[in-house]
Amino acid sequence: MFQEAFRAFLQKEVVPFQDEWREAGIVPREVYLKAGENGFLVPQAPEYLGGLGINDFRFQQIVAEEIGRCGETGFMPQLHSTIIAPYILNHGSDYLKEKYIPKTITGECILSVAMTEPDAGSDLAGLRSNAVDKGDHYLLNGNKTYISNGICGDIYIVAARTNPEQPRALSLFVVESDWQGVRVGANLKKMGMKSQDTIELFLDNVKIPKENLIGKEHQGFNYLMDGLAEERLICAAWNTGSAEYAFNLTKDFVIDRKVFGKPLSYMQNTQFKMAELRARIDMAQAFIDTIVANTNRGDNDSVAASEAKLLTSELLCDTADEGVQLHGGAGYMDEYPISRVFTDARITRIFAGTSEIMKLIIARSIFE
Ligand SMILES: Cc1cc2nc3c(=O)[nH]c(=O)nc-3n(C[C@H](O)[C@H](O)[C@H](O)COP(=O)(O)OP(=O)(O)OC[C@H]3O[C@@H](n4cnc5c(N)ncnc54)[C@H](O)[C@@H]3O)c2cc1C
């Protein structure tokens with residue numbers, strides 16, 4: 001029922017506006033409010049905070065898959081609900097939960113996470129942003145980059161160094177976008193994901209009240225690592241949904257398109273390519289369903305999540321690439337959605353941990 005309801009919501013409130021949002025380079029805030037009204041945001045939040053209290057990861061999986069299945073890359077409830085909200089829900093104080101979570105459920109407060117810096121992406125130990133303890137507040141300075149939901153975002157979960165001597169002594173802070181010293185850079189021009197607002201963030205002498213520290217000081221690295229298994233699993237679900245979308249676009253096209261007097265779908269090459277992709281998408285789906293079932297049993301396997309992210313990123317890129325090829329020249333034209341999937345897909349091998357970092361994690365589990 002949740003899946004059908006969310007699918008219907010996307011068909012009504014998202015799909016008809018995708019071209020408009022792509023032109024604008026951003027999605028309107030109202031789409032988060034509408035999603036909130038319908039109970040689609042942060043469904044895992046407890047009822048006393050206004051959530052549905054659903055402790056079943058399948059609900060979050062459905063959101064990510066359905067976003068992928070309709071080719072949406074700007075409106076990101078999966079980032080908001082599954083990747084970012086848990087930093088506050090799992091590690092934040094009651095004060096932070098009560099102050100921010102109810103508004104993240106209604107969509108009044110859109111979430112963004114700011115870890116990456118110009119000189120530190122994969123290697124978070126290289127972060128330079130720092131927050132100095134000034135008694136009743138922290139003073140935050142630093143530059144962040146490639147921050148998703150950066151313009152829509154009302155709060156940023158910012159990672160900053162709190163002990164200059166120790167590279168892993170990071171802390172996480174809730175920073176509001178309208179605080180003095182917080183400056184949002186331009187909406188970065190990207191290869192794909194055109195309706196997603198991705199920005200640079202400048203933090204100059206930002207005074208952070210002590211109570212906006214998430215959890216304990218210097219523990220940010222552990223909190224970040226803690227969230228990564230679910231972050232990668234949700235990316236894998238999104239990738240697989242997106243691969244399904246690319247597959248269906250191509251299937252419709254090859255049935256319609258005639259070459260040498262016959263539908264393109266009659267060619268053995270077309271059938272074999274599509275058969276290979278179908279088999280890989282079905283395998284990926286089964287693997288994700290298994291990891292989600294394990295997550296629901298309390299087994300948060302970060303290696304399995306890394307494997308899923310690695311393989312589904314490749315799957316999505318391959319499905320988009322084969323799709324463009326089977327479309328011929330049309331596949332290179334902006335008006336054909338497969339061309340957009342091709343450029344949108346490329347990021348999946350880079351963000352939320354690159355494919356090389358996924359391989360490092362998997363390799364460590366083999367050889368350690
Ligand atoms: C569209 C977009 C949205 C994003 N959204 C966010 C966001 O919301 N918040 C946020 O904090 N960040 C975000 N990011 C940042 C993203 O997570 C980083 O770009 C990513 O983690 C890679 O970091 P980097 O760009 O610094 O590349 P680097 O870390 O500099 O990597 C460069 C290359 O080196 C390789 N490499 C690095 N280390 C190793 C190693 N140990 N062994 C082998 N190879 C290695 C990488 O795999 C890559 O191929 C986003 C990025 C993009 C492009």
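## Where the ligand sits

A pocket here is an open set of grid points where a 1.4 Å probe fits, with protein on both sides within 12 Å along at least five of seven lines. In this predicted model, the space taken by the ligand is the largest such pocket.

Three elements each give two or more residues to the shell around the ligand: β1 (111-114), β3 (137-148) and α11 (355-367). On the domain level, domain 2 (113-218) and domain 3 (222-367) each supply at least three shell residues.

## Who lines it

There are 18 residues around the ligand, and the ones that come nearest are Thr116, Ser122, Tyr146, Thr354 and Glu356. Sorted by class, the shell has 11 nonpolar, 5 polar and 2 charged residues.

## Polar contacts and cover

Now for the polar contacts. Ser122 uses its side chain: one of its polar atoms lies 2.6 Å from an oxygen atom of the ligand. Met115 works through its backbone instead, with an N or O atom 2.8 Å from a ligand oxygen. Val113 also brings in a polar backbone atom, 2.8 Å from a nitrogen atom of the ligand.

As for cover, the ligand on its own has 980 Å² of accessible area, and the protein covers 64% of that.

Methods
Residues numbered from 1 in each chain as written. Predicted model: local features only at pLDDT ≥ 70, side-chain atom pairs only at ≥ 80, totals over all residues. Heavy atoms only, no water. Near = heavy atom within 4 Å. Polar contact = N/O pair within 3.5 Å; in protein donor to acceptor, adjacent residues only side chain to side chain. Areas by Shrake-Rupley, 256 points an atom, 1.4 Å probe, with all protein chains shown as cover. 1 Å grid on protein atoms, 1.4 Å probe; cavity = no way out; pocket = protein on both sides within 12 Å on 5 of 7 lines; lining within 4 Å. Sits in = over half its atoms within 2 Å of the grid points. Helix = DSSP H or I, 4+ residues; strand = E, 2+ residues; numbered from the N terminus. Nonpolar A, V, L, I, M, F, W, Y, C, P; charged D, E, K, R; others polar. Domains from an automatic or database assignment.
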